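Take a walk through this structure with the model open beside you. The route runs from the surface to the ligand, then on to a salt bridge and two backbone details.

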Amino acid sequence: MPANVTFKLDLPVRPRRLRRTATLRTLFEETVLRAEDFIAPLFVVDGKSAPEEISSMPGQFRLSIADLVKECRALWELGVKAVALFPKIDAKLKDVEGTEELNEDGLILRAVKAVKKALPELVVITDVALDPYTTHGHDGLLNAAGADVDNDRTVARLAAMAVRQARAGVDFVAPSDMMDGRVGAIRAALDTAGFTETGIIAYSVKFNSAYYGPFRDAVGSARAVGRKLLSKATYQLNPANRREALAEAVLDAAEGADILMVKPAGAYLDIIRDVRERLGKPLAAYQVSGEYAQIHAAARLGWLDLARTRHESLIAIKRAGADLILTYFAKDEAQALAK
Ligand code: PBG
């Protein structure tokens, strides 16, 4: 055939018609991110020190309460309507039983009060788990042999912890511990104490993931866990298990969780989709510290484009079926979306 003959396929269906121009591509965009989709996790420390950057999480800081309030205001102005607060407790205050958590004037409770006072409409979420407070770094209290967490003793403690947080004014408590029966126990304790309006975001499907590494640096629980006999494998889920993941989500919904959560997010998009399809509850997904760190690390090496990879990673989580995304990218992405 001569080179100047043009090929014409007899092709009535041409999907590329809808991708021809930027305008068309916008028209047919199926998944759209909004600043309101994000929940920003923030770390708070006691004292008046300047923000201290977390080395494995570029752009994330441990903030004094005053700086935390400023950061919350900046997020609110960008359209991010919810924050999840995590305390970095002074190592000197940690012990086996996490006694500092009982302190009615403890760091996280003061932080919640300060944020709610400055920004009453901002949705404030706190973690219900003991890892920031224990020398061993586990989310719960240990059994008599010290060989594992004691499920039922931990649940009783976490229910009381949730009530303390509710009293400080949080909108949602977020049990991240993975003990059996904790959502039901927390709901009952909140209701008994009169906090029927305080909601529960349950870390329903939390996997025993290597992606939590940078977070454990941030709150100082990494070394504690590494030194002890235990990993969190007796309570966090095996990353290989899909059926078990669904069973956990079903249980938390039945126990009264208002919002279910899958964590981590990026490596578990199938689980997000499963929970979305099987349960009618609002669904959150947590893009965890390691997901954030790996994108930043590759960007620093010049191997990935930060802004595009960030956006794509978040689009994927929403497309999989998450209504809300906990992400350390909340501020940067909200800023980019505002442009
Ligand atoms: C602990 C907790 C963890 C995270 C949130 N709450 C870590 C863990 O289970 O050790 C991880 C968050 C992240 O990696 O960004 N209760």
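Begin with a working definition: a patch is built from residues with over 30% relative accessible area and no salt bridge, and like charges are joined within 9 Å. Lys and Arg count as positive. Keep in mind that this is a predicted model.

Now look at the surface. Lys8, Arg14, Arg16, Arg17 and Arg19 form a positive patch there. One of these residues, Arg19, sits in the segment before α1, the helix that spans 22–27.

Next, go to the ligand. Which residues are closest to it? They are Ser176, Arg216, Lys263, Ser289 and Tyr328, out of 18 residues that surround the ligand. Some side chains make polar contacts here. Ser289 places a side-chain N or O atom 2.7 Å from an oxygen atom of the ligand. Gln236 has a polar side-chain atom 2.9 Å from a ligand oxygen. With Asp139, the partner is a nitrogen atom of the ligand, and the distance is 3.2 Å. How much of the ligand does the protein bury? The ligand taken alone exposes 410 Å², and the protein buries 100% of that area.

Turn to the salt bridges. A salt bridge here needs a side-chain nitrogen of Lys or Arg within 4 Å of a carboxyl oxygen of Asp or Glu. By this rule there are 24. One of them pairs Lys331 with Glu71, whose closest N and O atoms are 3.3 Å apart. Lys331 belongs to helix α12 (residues 330–338) and Glu71 to helix α2 (residues 65–77), so this pair ties together parts 260 residues apart in sequence.

Finally, check the backbone. The peptide bond from Lys263 to Pro264 is cis, with omega near -10°. Pro264 lies in the loop between β8 (259–263) and α9 (269–278). Lys263 also appears among the residues closest to the ligand. Another loop, between β6 (172–175) and α5 (182–192), holds Met178. Met178 is not a glycine, yet its phi is positive, near 70°.

Definitions and conventions: Residues are numbered from 1 along each chain as its sequence is written. This is a predicted model: local features need pLDDT of at least 70, side-chain atom pairs count only at pLDDT 80 or more; totals for chains, interfaces and linings use all residues. Side-chain values use heavy atoms; hydrogens and water are left out. Patches are made of residues with over 30% relative accessible area and no salt bridge: like charges are joined within 9 Å, nonpolar side chains (Val, Leu, Ile, Met, Phe, Trp, Tyr) within 5 Å. Accessible areas come from the Shrake-Rupley method with a 1.4 Å probe; for residues, only the protein chains shown count as cover. The place of a charge is taken as NZ of Lys, CZ of Arg, CG of Asp or CD of Glu. Helices (H or I, at least four residues) and strands (E, at least two) are DSSP runs, numbered from the N terminus. A residue is near a molecule or strand if one of its heavy atoms lies within 4 Å of it. A polar contact is a pair of N or O atoms within 3.5 Å; within protein, one must be able to donate a hydrogen and the other to accept it, and residues adjacent in sequence count only if both atoms are side-chain atoms.
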